[in-house]
Amino acid sequence: MIYLDAAATTPVRREVIEAMFPWLTNNFGNPSSHHELGERAAVALADSRQRIASILGCHAEEIFFTSGGTEADNLIIKGIALARHQADPHLTRIVISAIEHPAVMEAARYLERLHGFTVDKVPVDAQGLVDRTAFEALLENDAVALVSVMYANNEVGTVQDITELTALAHERGIPFHSDCVQAASWLSLDTRMLGVDALSISGHKVGAPKGIGVAYISSNTAFEPLIHGGGQERGGRSGTENVAFAVAMAKAMEMAEQERAGYYWRVSALRDAFIERILCQNPNAILTGHPSKRLPSIASFCFAQSSGESLLLELERKNILSSSGSACAAGSDEPSEVLTALGIAGPLAQTALRFSMSAEVSEAELDVAADEVSAAVVRLNQLANR
Ligand code: PLP
């Protein structure tokens with residue numbers, strides 16, 4: 001199998017399984033229990049939190065474990081917006097980019113539907129970069145409670161200049177959140193460099209299990225918790241902590257941090273060669289997203305006059321797994337909001353395919369995949385012309 005769907009999910013790394021195993025078996029204690037078994041779990045949890053904080057360049061108290069990227073996005077968007085609105089009822093607007101993941105879009109829509117907020121979407125250019133002029137114009141409104149712009153897009157891989165955008169929000173005293181789910185393991189998430197007040201990460205995109213995520217929320221940024229109960233995570237997210245998965249998250253993030261310098265340029269070069277091969281072999285193929293400001297791991301195209309879903313199935317018959325969009329939008333007939341925002345609408349948007357690579361991808365795999373894509377495009381065109 002050639003797995004080119006790493007943006008959807010990644011396998012749990014062996015070292016990560018080994019690191020978390022004791023916390024699922026012998027050391028199964030509840031970190032809130034006042035006996036030795038519980039205290040051991042509490043120490044492991046605190047240690048994982050501290051290790052993640054070191055990677056993000058922040059304090060351990062600013063790390064909140066969640067059930068994944070979606071929950072981290074929800075906690076941050078709803079939690080910060082509601083807390084700021086509570087403190088100052090005049091704050092009723094949220095600014096997000098037009099290409100956010102549904103976890104951000106729907107959290108913002110919820111605030112619009114039930115809490116009287118207005119959501120402003122900043123347009124992006126044809127390559128997926130946030131329109132700076134439009135962004136600044138939206139920030140002029142003094143009712144903006146929060147800004148959220150993703151670091152790297154999950155469908156086309158475009159990477160935003162978060163440091164620059166954060167500075168623009170901070171000039172107006174507005175807190176800035178960035179969904180870093182796709183950026184994690186490819187780009188540094190040092191919060192001092194990015195300047196963000198909050199960011200979200202998901203375990204299963206970085207070699208940890210599904211069902212764990214991290215919300216970084218700066219200690220200067222107040223937020224309302226969404227889940228109430230026993231007051232775990234310093235009251236920010238109640239519920240017995242998933243110690244084993246927190247240990248897994250710390251291990252996976254540490255491994256990515258240590259290894260990134262080694263694989264970043266290797267995968268970037270392989271991605272570029274793959275893109276070139278696809279574009280050379282397929283005159284109808286169009287690269288989507290930014291040509292250079294993109295994740296090393298994502299190559300996304302529209303294959304004009306083909307069907308993304310049919311191509312996906314043809315490739316799967318050859319044991320090559322890719323995606324016709326984001327995993328969440330896959331199978332939906334609705335045109336992708338991301339591609340629509342990039343100006344790719346109607347039938348062309350239905351021809352999209354995303355290939356997303358892991359750090360282990362090989363040149364041989366990508367060569368085979370590129371040739372199979374071209375062969376599948378020819379086969380489908382012949383069928384259509386019959
Ligand atoms: N944000 C982005 C950019 C994503 O790509 C995803 C998952 O695909 C999420 C958020 C949601 O993360 P999770 O699957 O952990 O809920």
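Reader: Which residues in H9 meet which ones in H12?

Author: Keep in mind that this is a predicted model. Helix H9 covers residues 308–317 and helix H12 covers residues 363–385. On the H12 side, the contact takes in Glu372, Val373, Ala376, Val377, Arg379 and Leu380, and these are met from H9 by Ser310, Leu311, Glu314, Leu315 and Arg317.

Reader: How do the residues of that H9 and H12 contact split by class?

Author: Leu311 and Leu315 in H9, for example, meet an H12 group that includes Val373 and Leu380. Glu314 and Arg317 of H9 and Glu372 and Arg379 of H12 also take part. By class, that comes to 6 nonpolar, 1 polar and 4 charged residues.

Reader: What word fits the angle between H9 and H12?

Author: Two packed helices get described by the angle between their axes and the distance between those axes. Here H9 and H12 pack at about 125 degrees, with the axes 10 Å apart. The crossing is right-handed. An angle from 65 to 115 degrees would count as roughly perpendicular and one over 145 as roughly antiparallel, so H9 is, relative to H12, oblique.

Reader: And what are the angle and the axis distance for H3 and H4?

Author: That pair is helix H3 (residues 69–87) and helix H4 (residues 102–115). Its crossing is right-handed. The angle is about 35 degrees, and the axes are apart by 9 Å.

Reader: How many nonpolar, polar and charged residues make up the H3 and H4 contact?

Author: From H3, the contact draws on Thr70, Asp73, Asn74, Ile77, Lys78, Ala81 and Leu82. H4 answers with Ala103, Val104, Ala107, Ala108, Tyr110, Leu111 and His115. Sorted by class, they give 9 nonpolar, 3 polar and 2 charged.

Reader: Which helix gives the most to the largest nonpolar core?

Author: Nonpolar side chains tend to be buried together in soluble globular proteins. The largest core in this model has 101 residues, and Leu56, Phe135, Val147 and Phe274 have the most contacts inside it. Another core, of 24 residues, lies apart from it and includes Ile80 and Leu146. With 18 residues, the one giving the most to the 101-residue core is helix H8.

Reader: What does Val147 touch, leaving out residues up to four places away in sequence?

Author: Val147 is one of the residues with the most contacts inside the largest core. Its partners, with residues up to four places away left out, are Val95, Phe135, Leu139, Ala169, Ile174, Pro175, Phe176 and His177.

Reader: Is Leu270 buried or exposed?

Author: Leu270 sits in helix H8. Beyond its neighbours within four places in sequence, Leu270 is in contact with Val361, Ser362, Glu363 and Leu366. Its relative accessible area is 13%, and the cut-off is under 20%, so Leu270 is buried.

Reader: Is Glu171 buried or exposed?

Author: Glu171 belongs to helix H6 (residues 162–171). Its C-alpha is 9.6 Å from that of Leu139, with the two positions 32 residues apart along the chain counted as their separation. Since its relative accessibility is 59%, Glu171 counts as exposed.

Reader: What is the phi of Ser185?

Author: Most residues other than glycine have a negative phi. Ser185 is in the loop between strand S6 (176–179) and helix H7 (191–194), and counts as buried at 14% relative accessibility. Though not a glycine, Ser185 has a positive phi of about 80 degrees.

Reader: Where is Asn319, whose phi is also positive?

Author: Phi of Asn319 is near 70 degrees. At 46% relative accessibility, Asn319 counts as partly exposed. Its place is the loop between H9 and strand S11 (320–321).

Note on methods:
Residues are numbered from 1 along each chain as its sequence is written. Side-chain values use heavy atoms; hydrogens and water are left out. Axes are lines fitted to C-alpha atoms, for helices over the stretch in contact, and angles run from 0 to 180 degrees between N-to-C directions. Helices (H or I, at least four residues) and strands (E, at least two) are DSSP runs, numbered from the N terminus. Angles under 35 degrees count as roughly parallel, over 145 as roughly antiparallel, 65 to 115 as roughly perpendicular and the rest as oblique. A crossing is left-handed if the near helix is turned anticlockwise from the far one by less than a right angle, and right-handed if clockwise. Contact means heavy atoms within 4.5 Å. Ala, Val, Leu, Ile, Met, Phe, Trp, Tyr, Cys and Pro count as nonpolar, Asp, Glu, Lys and Arg as charged, and the others, Gly among them, as polar. A nonpolar core is a set of buried Ala, Val, Leu, Ile, Met, Phe, Trp, Tyr and Cys residues joined through side-chain atoms within 4.5 Å. Buried means under 20% relative accessible area, exposed over 50%, partly exposed in between (1.4 Å probe, protein chains only).
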